[in-house]
Amino acid sequence: MFIITCPYCGDRDQTEFTCHGEAHIARPLNTESLSDEEWGDYVFFRQNPKGMHRERWVHAHGCRRWFNALRNTVSDEIFATYKVGDARPPLPENPS
Amino acid sequence: MADQATLRAGMATPLSGQSYSSNGITISEQQSCDKLIVRADFSDAATVAALSQVLGQTPALEANTYSMADDKAVYWLGPDERLVYLHAQTAADTIGSVQAAIPAGKGAVVDVSDYYTVIQLSGQNARDVLSSGTPFDVHPRVFGAGQCAQTRYGSATVLLSALDDDTPTFNVQVRWSFAQYLWTYLARVAGYC
């Protein structure tokens, strides 16, 4: 059990939140000219890194707002949470 | 066949307004009141001013707080979302004027009167009963009178609000369909006080 800082509500318990995968995936604008391979890449393929990962989270049992988090997938440490549309916080220099 | 009014009176609240007391704690379902969800741009001064006039108060602008004046209370649910309790009027009488206070196409007002019910915890052990089921920190240094928080209690999504610090009193708003579950949970915990 750990504490996540919702950009709107403040520090809350992890169980109030749900994670919905990688953030910052923009839907292609030229959808009519996309190949099957490009569609597949957009719909299915994710970076799935070992280490720092930018993710979409939703405060499901709280304000129900979406926000982004910068999390280390190895240590589960969350380095930053930020509102959708805000500047991306830089990667930490020494991710534990 | 029962008419609509009789049906409505019989179903006024899911727990029939029952109450239960144990050592230092009273839990009771509150009388039903009409409620509105207001979605609007609360960072816009003109919208806030217009809504303040209709609601008789500046609607809670700070996160995790509520405002109360006369017969209405306004709870902060999100940056662009508030919940209004109408203790004296009906939603049908109020909804039009609230809608008129929001610029056209820039918000929404929804009547949610029959979606929620409110259970009140009161007494010296109220804080202990509350903290037994929620991961939210209800210690008085972070959760005092005038504050509210959406969180969960057991498996139910709830809206907690702190009413009084001297005699710890809290309102727990819960969805109608979870009311029986929450009541059973609270009564069981209160029984250990």
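**Close-up views of chain B and its partners**

**View 1. Polar contacts between the two domains of chain B.** Between domain 1 of chain B and domain 2 of chain B there are 6 residue pairs in polar contact, both residues at pLDDT 80 or more. On the domain 1 side, β8 (116–122), β9 and β10 (156–164) of chain B each give two or more residues to the surface touching domain 2. Have a look at β10(B), which gives the most to this side, with 4 residues. By class, the domain 1 side divides into 6 nonpolar, 5 polar and no charged residues. Please keep in mind that this is a predicted model.

**View 2. How the domains of chain B sit together.** Domain 1 covers 20–32 + 115–192, and domain 2 covers 34–111. Their centres, taken over C-alpha atoms, are 24 Å apart. Here 11 residues of domain 1 are in contact with 9 residues of domain 2. About 1,000 Å² is buried between these domains, with carbon and sulfur atoms giving 55%. The rule finds 0 salt bridges across this interface.

**View 3. Where chain B meets chain A.** Chain B brings 16 residues to the contact and chain A brings 11 residues. Together the chains bury about 1,100 Å², 43% of it on carbon and sulfur atoms.

**View 4. Salt bridges and strands at the chain interface.** Chain B and chain A share 3 salt bridges. One of them joins the side chains of A:Arg64 and B:Glu81, at 3.0 Å from N to O. The interface also holds 12 residue pairs in polar contact, both residues at pLDDT 80 or more. On the chain B side, β5 (72–78) and β9 (148–153) each supply at least two residues. Of the elements there, β9(B) gives the most, with 4 residues. This side of chain B has 7 nonpolar, 5 polar and 4 charged residues.

Terms used:
Residues numbered from 1 in each chain as written. Chains lettered and ligands numbered in written order. Predicted model: local features only at pLDDT ≥ 70, side-chain atom pairs only at ≥ 80, totals over all residues. Heavy atoms only, no water. Contact = heavy atoms within 4.5 Å. Buried area = accessible area lost by both parts, 1.4 Å probe. Salt bridge = Lys/Arg side-chain N within 4 Å of Asp/Glu carboxyl O. Polar contact = N/O pair within 3.5 Å; in protein donor to acceptor, adjacent residues only side chain to side chain. Nonpolar A, V, L, I, M, F, W, Y, C, P; charged D, E, K, R; others polar. Domains from an automatic or database assignment.
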